[in-house]
Amino acid sequence: MVNLFEALREQVDPVAVADRYLDLVPSGSTLKGRCPYSDHEDKNPSFYIYPDGRFYCYGCGRHGDVVDLWAALKGLSPGIEAALDFATRWTRIGIILSWRKEVRWIEQCI
Ligand SMILES: [Zn+2]
């Protein structure tokens, strides 16, 4: 079975996600902007997104992939909660249907 996190990393461009919420500017091969974590008051942009889709904040040290980014942007718990919320908003519905267990979990939450 395909891992949900791997599938999301493959199918969704983190830059497209970040660009919708953060004011990003190019910096070399990276994009930088203000850190999305609410407990980090990032006055000088120290949040970087790398070409491999991972991010790192040089201010608070947080890092991760596109699902972690989504959790930060939406104030969700990282992990399956953020992954499912992300999947429902950023992927075609068919992608979710293969994760039957998770789909049942989504239905219980609606
Ligand atoms: Zn930060």
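Reader: Which residues does Leu69 touch, not counting residues up to four places away in sequence?
Author: Keep in mind that this is a predicted model: local features need pLDDT of at least 70, side-chain atom pairs count only at pLDDT 80 or more, and totals for chains, interfaces and linings use all residues. Residues are numbered from 1 along each chain as its sequence is written. Two residues are in contact if their C-beta atoms, placed from the backbone, lie within 7 Å. With residues up to four places away in sequence left out, Leu69 touches Pro14, Val17, Ala18, Phe55 and Gly64.

Reader: Is Leu69 buried or exposed?
Author: Leu69 is found in helix 3; helices (H or I, at least four residues) and strands (E, at least two) are DSSP runs, numbered from the N terminus. The cut-offs are 20 or more other C-beta atoms within 10 Å of a residue's own for buried, 12 or fewer for exposed, and partly exposed in between, with C-beta atoms placed from the backbone. Since Leu69 has 26 C-beta neighbours inside 10 Å, it counts as buried.

Reader: How many residues of helix 3 are buried, then?
Author: Helix 3 spans residues 66–74 and is mostly covered. The buried ones are Val66, Val67, Asp68, Leu69, Trp70, Ala71 and Ala72. That gives a count, out of 9, of 7.

Reader: Which helices are included in what covers those buried residues of helix 3?
Author: Strands take part too, including strand 4 (55–57) and strand 5 (63–64). As for helices, the cover includes helix 1 (4–11), helix 2 (14–21) and helix 4 (80–90).

Reader: At what angle do the axes of helix 2 and helix 3 cross?
Author: Axes are lines fitted to C-alpha atoms, for helices over the stretch in contact, and angles run from 0 to 180 degrees between N-to-C directions. The axes of helix 2 and helix 3 come within 10 Å, crossing at roughly 15°. That makes the two helices roughly parallel, going by the bins: under 35 degrees roughly parallel, over 145 roughly antiparallel, 65 to 115 roughly perpendicular, the rest oblique. To repeat the value, the crossing is roughly 15°.

Reader: How many nonpolar residues are there in the contact of helix 2 with helix 3?
Author: Pro14, Val17, Ala18 and Tyr21 in helix 2 meet Val66, Leu69, Trp70 and Leu73 in helix 3. No polar and no charged residues are in this contact, and the nonpolar ones number 8.

Reader: And how is helix 1 placed relative to helix 4?
Author: Leu4, Phe5 and Leu8 in helix 1 meet Ala83, Phe86 and Ala87 in helix 4. This contact has 6 nonpolar, no polar and no charged residues. The axes come within 10 Å and cross at roughly 40°. That makes helix 1, relative to helix 4, oblique.

Reader: What order do the strands take in the sheet?
Author: Two strands pair if DSSP finds at least two bridges between them. The sheet is open, with 5 strands and antiparallel pairing, in the order 1-2-3-4-5. At its edges sit strand 1 (25–27) and strand 5, each pairing on one side only. So you can hold on to it, the order is 1-2-3-4-5.

Reader: How many bridges join strand 1 to strand 2?
Author: Strand 2 covers residues 30–33 and runs antiparallel to strand 1. Ser27 has Thr30 in strand 2 as its bridge partner. The number of bridges joining the two strands is 3.

Reader: Zooming out, what percentage of the chain's residues count as buried?
Author: The chain has 6 helices and 5 strands, following the pattern α-α-β-β-β-β-β-α-α-α-α. Of its 110 residues, the buried portion is 27%.

Definitions and conventions: Ala, Val, Leu, Ile, Met, Phe, Trp, Tyr, Cys and Pro count as nonpolar, Asp, Glu, Lys and Arg as charged, and the others, Gly among them, as polar.
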